[in-house]
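Please look over the structure below before reading on. The notes after it are short and grouped by topic.

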Number of protein chains: 2
Amino acid sequence: MTSGTRELTATAYVVLGMIAQLGVTTPYAVKRELRRSIGQYWPIPHAQLYAISGQLQEQGLLEGVQETSGRRRKTYRVTEAGRAALSEWLSRPGTEPGEIRSVAWLKLAFCDLAEPAAITQLAAEQVELHKDRIACRHPVKDHASQLALELDRAALRFWTSLAQRTAL
Amino acid sequence: MTSGTRELTATAYVVLGMIAQLGVTTPYAVKRELRRSIGQYWPIPHAQLYAISGQLQEQGLLEGVQETSGRRRKTYRVTEAGRAALSEWLSRPGTEPGEIRSVAWLKLAFCDLAEPAAITQLAAEQVELHKDRIACRHPVKDHASQLALELDRAALRFWTSLAQRTAL
DNA sequence: ACCGTCATGTAATCGGTTACATGATTCT
DNA sequence: AGAATCATGTAACCGATTACATGACGGT
């Protein structure tokens, strides 16, 4: 039991949480599932899934079994300690501010350095992008995608209005 | 002229853009200015400002002068190549999706693994957080903070409603 | 039998974070 | 003069990204 309680990253909690939800799985299955859900808004490259799963196992939060035949893949499931860590995280008060990781938003912050046409172009792109994301997510099932939807809608309103104002 | 045109990161463009806006400055001044503006939504630790400024200079996008007295600080200004790189970036079409880097949102995605009280607590925290951010930014000057404001407002609406629904 | 895609990883690199260190100013 | 804070960096570490590699499986 090498339960070194190093503080986990948010990404690690995602992996832990996904495995908790899926039961007994492999990093590959996590990857597939991520693509369908939070992966669109919080991407995790698959190389990280393998690395993080390994670390979580070393810390005793996951239990891993290596197949000996066929694909020789490694399946994981969460331990009691893992479940405890997850629920501690979920109920821990957190005041991290929440960021806007959008290149389009950055460009907007520097639009005084650009030609006016560039901003119109940017706005038009963003309108399409948010429309697509809104369209391909109906209907909404859980709270998380509900919030994502609301944010996409707000962004769509903004960029639409900006596109109109700058097109004049 | 070692203009190796390696592709820059978004963060590097922020540094380049800030120096372009500020004229002749130091990384420290950039840090101060960042705290007032995009830094709230796209944080950059000050160690990166020094590292990136150095790299941008090596690539010929910045010109740097080292003071020899007093604070011995290094001041930078953008070169013509730098200005060109910036405006190329600003007008380059980009379809990067834009992410939601919010731990609260992640927790929401796993709230089926948590006790019901935790989600109410989470919502209450987020309501306060977004209220604060909205309050401390009035009035809004530029497009970028306008968008940030709209996103904060949408999030506030969502968390408020969620807090009410789960408090029952 | 072969080819393409699915599945499962490892390795190298690089950007970002945290911690440390130190000299300059300013305040009392 | 001494303390506190401002200002300016460097160094070590670690997580994330990109690239590479390869074996299994399914279809034709």
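What follows is a briefing on the DNA contacts, the chain pairing, the core and one buried lysine.

The model is predicted: local features need pLDDT of at least 70, side-chain atom pairs count only at pLDDT 80 or more, and totals for chains, interfaces and linings use all residues. Residues are numbered from 1 along each chain as its sequence is written, chains are lettered from A and ligands numbered from 1 in the order in which they are written, and side-chain values use heavy atoms, with hydrogens and water left out.

**DNA strand C**
- There are 17 residues around DNA strand C, and A:Tyr28, A:Arg71, A:Arg73, B:Pro45 and B:Gln48 come nearest (near: a heavy atom within 4 Å of the strand).
- Sugar and phosphate make up 73% of the strand's atoms that come within 4 Å of the protein.
- By class, the surface near the strand has five nonpolar, six polar and six charged residues. Here Ala, Val, Leu, Ile, Met, Phe, Trp, Tyr, Cys and Pro are nonpolar, Asp, Glu, Lys and Arg charged, and the others, Gly among them, polar.
- A polar side-chain atom of B:Gln48 sits 2.4 Å from a phosphate oxygen of DNA strand C.
- A:His46 places a polar side-chain atom 3.0 Å from a base oxygen of the strand.
- At A:Lys74, a polar backbone atom is 3.4 Å from a phosphate oxygen of the strand.
- Two elements give two or more residues to this surface: helix H3 (46-58) of chain A and helix H3 (46-58) of chain B (helices are DSSP runs of H or I, at least four residues, numbered from the N terminus).
- H3(A) supplies the largest share, three residues.

**Chain pairing**
- Chain B superposes on chain A by a rotation of 180° with 0.0 Å of shift along the axis, at RMSD 0.0 Å (least squares on C-alpha atoms of residues with pLDDT of at least 70 in both).
- That is the relation of a two-fold axis.

**Nonpolar core**
- The largest nonpolar core has 107 residues (buried Ala, Val, Leu, Ile, Met, Phe, Trp, Tyr and Cys joined through side-chain atoms within 4.5 Å).
- A:Leu16, A:Trp105, A:Trp159, B:Leu16, B:Trp105 and B:Trp159 touch the most other members.
- Beyond four places in sequence, the contacts of B:Trp159 include A:Leu147, B:Leu108 and B:His130 (contact: heavy atoms within 4.5 Å).

**A:Lys107**
- A:Lys107 belongs to helix H5 (residues 103-109) of chain A.
- A:Lys107 is buried, at 4% relative accessible area (buried: under 20%, with a 1.4 Å probe and protein chains only).
- Beyond four places in sequence, A:Lys107 contacts A:Leu122, B:Trp89, B:Leu90 and B:Arg92.

Technical notes
Polar contact = N/O pair within 3.5 Å; in protein donor to acceptor, adjacent residues only side chain to side chain. Buried < 20%, exposed > 50% of the residue type's maximum accessible area, 1.4 Å probe, protein only.
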